[in-house]
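Please open the model in your viewer, with selection by residue number ready to hand. The tour below moves from the whole chain to single side chains.

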Amino acid sequence: MKKFKFSLQNLLDLRAKQLEEKQIEFGKLQFVMKTLETKLNELERELKTSKENFEELISSGKKISVDFVNSNQRYTIQKEKDITKQNETIEEHKIKLEEKQQEMIEALKAKTMLEKLKEKQYKIFLKTIEEIERKELDEIGLVKYTR
């Protein structure tokens with residue numbers, strides 16, 4: 001009995017490899033996104049802590065120099081700029097992530113289509129084998145009956 005051979009197996013293997021590569025790239029981008037979000041959270045935490053410390057210092061009634069107030073204000077402004085820039089970077093990265101996700105979905109569709117085609121061809125192959133076996137059994141039965 002002959003074995004089933006899918007004529008587009010090489011293409012299916014290629015599509016599977018492409019899908020795997022897209023998944024790896026998507027995973028890397030997700031990792032970068034997590035890193036960017038962690039950095040944003042850290043910047044926001046630093047700004048919040050700085051503001052709280054400054055407010056505590058003011059409410060304590062201690063004398064504060066003008067240089068310290070100016071320094072704190074510059075620090076706060078810089079942190080807010082950093083946060084804004086980080087948010088922009090995250091938004092740009094989200095676009096890349098969505099594009100990569102679409103590429104991954106397209107690669108999955110292409111692979112799935114070939115897998116379904118292979119499955120259909122395999123079912124046809126099995127039907128053909130069954131018909132051949134049935135014919136052979138019918139011939140054997142006919143030969144035995146005629147004896």
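What follows is a sequence of selections, each with a note on what is found there.

**The whole chain**

Begin with the complete chain shown as a cartoon, keeping in mind that this is a predicted model. The chain holds two helices and zero strands, and its C-alpha atoms fill a box of roughly 120 × 25 × 15 Å when the principal axes are used as the frame. The radius of gyration is 34 Å, whereas a compact globule of 147 residues would have one near 15 Å. If you switch to a surface, the chain exposes about 12,100 Å², of which carbon and sulfur atoms supply 55%. Of its 147 residues, 19% count as buried. Among contacts with a separation of 6 or more, residues 24 or more positions apart account for 90%.

**Helix H1 and the loop after it**

Now select residues 9-59, which make up helix H1. This helix has 51 residues and reaches 74 Å from its first C-alpha to its last, close to the 75 Å expected at 1.5 Å a residue. Show the side chains of its buried residues, among them Leu12, Leu19, Phe26, Leu29, Met33, Leu36 and Leu40, and further along Leu43, Leu47, Ser50 and Phe54. Against which element do the buried residues of H1 pack? They pack against H2, the helix that spans residues 66-146.

Move next to the loop between H1 and H2, where serine 60 has its place. At 43% relative accessibility, serine 60 counts as partly exposed, and a distance drawn from its C-alpha to that of lysine 2 comes to 90 Å, for two residues that are 58 apart in sequence. Glycine 61, which follows H1, has a positive phi near 85 degrees.

**The nonpolar core**

Return to the two helices and look for the largest nonpolar core, which has 13 residues. Select Ile83, Ile90 and Leu97, the residues with the most contacts inside this core. Helices H1 and H2 are the elements that give two or more residues to it, and H1 gives the most, with eight residues. Centre the view on leucine 97: once residues up to four places away in sequence are set aside, leucine 97 touches Phe26, Leu29, Gln30 and Met33.

**Charged and polar side chains along H2**

Histidine 93, also in helix H2, is the next selection. Is histidine 93 buried or exposed? Histidine 93 counts as buried because its relative accessibility of 7% falls under the 20% cut-off. Leaving aside neighbours within four places in sequence, its contacts are Leu29, Val32, Met33 and Leu36.

Lysine 100 lies in helix H2 as well and is likewise buried, with a relative accessible area of 17%. Beyond residues up to four places away in sequence, lysine 100 touches Lys22, Glu25, Phe26 and Leu29. Leu29 therefore appears in the contact list of lysine 100, as it does in that of histidine 93 and that of leucine 97, where contact is taken as heavy atoms within 4.5 Å.

For a contrasting position, select glutamate 88, which is found in helix H2 and counts as partly exposed at 47% relative accessibility. A distance drawn between the C-alpha atoms of glutamate 88 and glutamate 103, which are 15 residues apart along the chain, gives 23 Å.

**The aromatic cluster**

The last stop concerns rings, and the structure holds four aromatic pairs. Select phenylalanine 4 and phenylalanine 125, which form a tilted pair with 5.4 Å centre to centre and 55 degrees between the planes. The pair links distant parts of the chain, since phenylalanine 4 sits in the segment before H1 and phenylalanine 125 in helix H2, 121 residues apart. Phenylalanine 4 is partly exposed, with a relative accessible area of 23%, whereas phenylalanine 125 is buried at 14%. Finally, add Tyr122 to the selection, as ring pairs link Phe4, Tyr122 and Phe125 into a cluster.

Key:
Residues numbered from 1 in each chain as written. Predicted model: local features only at pLDDT ≥ 70, side-chain atom pairs only at ≥ 80, totals over all residues. Heavy atoms only, no water. Core = buried A, V, L, I, M, F, W, Y, C linked by side-chain atoms within 4.5 Å. Buried < 20%, exposed > 50% of the residue type's maximum accessible area, 1.4 Å probe, protein only. Helix = DSSP H or I, 4+ residues; strand = E, 2+ residues; numbered from the N terminus. Phe/Tyr/Trp six-rings, centres within 6.5 Å; stacked < 30°, edge-to-face > 60°. Rg over C-alpha atoms; globule rule 2.2 N^0.38 Å. Areas by Shrake-Rupley, 256 points an atom, 1.4 Å probe, with all protein chains shown as cover. Expected span 1.5 Å × (residues − 1).
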